[in-house]
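Dear colleague,

Please find below the structure that I am handing over to you. My notes on what was found in it follow.

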Amino acid sequence: MATSLGSNTYNRQNWEDADFPILCQTCLGENPYIRMTKEKYGKECKICARPFTVFRWCPGTRMRFKKTEVCQTCSKMKNVCQTCLLDLEFGLPIQVRDTGLSVKDEVPKSDVNKEYYTQNMEREIANTDGTRPVGQLGKAPSSSDMLLKLARTTPYYKRNRPHICSFWVKGECKRGEECPYRHEKPTDPDDPLADQNIKDRYYGINDPVADKLLKRASTMPRLDPPDDKSITTLYIGGLGDTVTDGDLKSHFYQFGEIRTITIVQRQQCAFIQFATRQSAEMAAEKSFNKLIINGRRLTVKWGRSQAARGKEGIKDGISEMGTRLDPVPGLPGALPPPPALDEEAPANYFNLDPITSPAVMNIALPPPPGINPPPPGFGPPMFHPMSHMAPPMPPPMSMRPPGQIHYPSQDPQRMGAHAAHGSRQGE
């Protein structure tokens, strides 16, 4: 039975009448010129079951029509979109956001308690400007490092695509390209992401998408303490111009006594040295991927000892402060490492072929015509001494028997020897 427009019942007063929906940028679409249909009290909210104003629109070309699913009161209580039920600030499911902000859901699920809770929340919303969330969410911290890492920064318009055509899956679709649905292979029906309940998503329980994101967050890298127990210094990066030493001291003094705080303004970083190693480890554990000061997410790393700093001050073109260094033009490249030398192998200084016989390599050229070969023991040998074909070498001068010493100038076969001998006899 329809209710008359003039009736002023209690339930009629709680019905919602809105002029514009609360939507995220993805659901609104990329088209700046959009037309919506507005149906006053068209559907009941899927959370509180009260009638509300339904908006319906098409977010873009070849996209499916979308409509609001929950009322604006339920949307404001959780700070979510009326259509996709994702957080308006981070674009994440409610379960992930509440876990990151350590917020406990207190929305009742029974009809009577839900109605009473909704009335109190509407009264609280009416006393605010509507730009900030209310309830436990309004008292929670503004952000966390996990949410900043998982947050979606750009719209995901692919989420607005049409559903898969069931007739095409069975091979019975006759529309062809005019079919408004997608002609694609459906996903695995056993996939947990294919089974989602809007109430579970709103209350933050049994959400498969949230479980997937939380598992991804649990595998994020950790900051392990160095093996050198003398290191008690933490590196803080990304300070900017708004973070001062007083801000750093007010955050890190809770972990233990601070010895020094050194800020390098040019590199926008700071070095905090603690008095004990235990205080430094506690500060690194509590601040890694969680440190946000003055709205800026800061990087926390362990400092390095002086010996390691001298060896690894500049590595792969990155300086100690984390800034990338430009290569100097005109400098030669790095030399390749020398090959490993075998201690037993002989040194080959002239790059000779090792398979070549040394007897062949040491063969001397024959003398030119008209010149007699040198006497034995003088001049280069014709064969290698170790060869079996080579004649025996004469003994050295110190081991020869006493007698007349033979000089090359006394060789009778030497050129000019007869002439010189005759001239001496004439004298």
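I begin with a charge placed over a ring: Lys-170 lies over the face of Phe-167, at 5.0 Å from the ring centre. Please bear in mind throughout that this is a predicted model. A second arrangement of this kind involves Arg-152, which lies over the face of Tyr-156 at 4.5 Å from the ring centre.

Both Phe-167 and Lys-170 have numbers that fall in a span annotated in UniProt, where an unreviewed entry lists residues 159-186 as "domain: C3H1-type". In the model, the C-alpha atoms at the two ends of residues 159-186 are 15 Å apart. Helix accounts for 14% of this span and strand for 0%.

Aromatic pairs

How many aromatic pairs does the structure hold? There are five. In the pair made by Tyr-202 and Tyr-203, the ring centres are 5.6 Å apart and the planes stand at 80 degrees, so the arrangement is edge-to-face. Tyr-202 and Tyr-203 are both buried. In addition, Phe-252, Phe-255 and Phe-274 together make up one aromatic cluster.

The three-stranded sheet

An open sheet is built from three strands in the order β1-β2-β3, with antiparallel pairing. Strands β1 (36-44) and β3 (66-67) are the edges; each has a single partner strand, so one side of each is left without a neighbour in the sheet.

β1 and β2 run antiparallel and are joined by six bridges. Across this pairing, Thr-37 stands opposite Arg-56 in β2. Six residues lie between the strands of the β1 and β2 hairpin, in which Ala-49 adopts a positive phi near 65 degrees.

On the other side of the order, β2 (residues 51-57) pairs with β3 over two bridges, again in the antiparallel sense. Here Trp-57 is placed opposite Lys-66 in β3. Is strand β2 mostly covered or mostly open? β2 is mostly covered, since six of its seven residues are buried.

Ile-236

Ile-236 belongs to strand β4 (residues 233-237). With a relative accessibility of 0%, Ile-236 counts as buried. Its contacts beyond four places in sequence are with Leu-248, Phe-252, Gln-268, Cys-269, Ala-270, Ile-272, Leu-291, Leu-298, Thr-299 and Val-300. One of these, Phe-252, is also a member of the aromatic cluster with Phe-255 and Phe-274. Another, Leu-291, is 55 residues from Ile-236 in sequence, while the C-alpha atoms of the two residues are 9.5 Å apart in space.

Arg-277

Arg-277 is located in helix α12 (residues 277-287). Is Arg-277 buried or exposed? Its relative accessible area is 12%, and a residue counts as buried under 20%, so Arg-277 is buried. The side chain of Arg-277 reaches the backbone oxygen of Asp-228 at 2.6 Å. Leaving aside residues up to four places away in sequence, Arg-277 touches Asp-228 together with Pro-225, Pro-226, Lys-229, Ser-230, Ile-231, Thr-232 and Trp-302.

When you open the model, I would suggest beginning with the polar contact from Arg-277 to Asp-228 and then turning to the surroundings of Ile-236.

With kind regards

Definitions and conventions. Residues numbered from 1 in each chain as written. Predicted model: local features only at pLDDT ≥ 70, side-chain atom pairs only at ≥ 80, totals over all residues. Heavy atoms only, no water. Helix = DSSP H or I, 4+ residues; strand = E, 2+ residues; numbered from the N terminus. Buried < 20%, exposed > 50% of the residue type's maximum accessible area, 1.4 Å probe, protein only. Polar contact = N/O pair within 3.5 Å; in protein donor to acceptor, adjacent residues only side chain to side chain. Contact = heavy atoms within 4.5 Å. UniProt positions renumbered as here; feature names shortened; annotations may be inferred. Pairing = 2+ DSSP bridges. Phe/Tyr/Trp six-rings, centres within 6.5 Å; stacked < 30°, edge-to-face > 60°. Lys NZ or Arg CZ within 6 Å of the ring centre and 35° of its normal.
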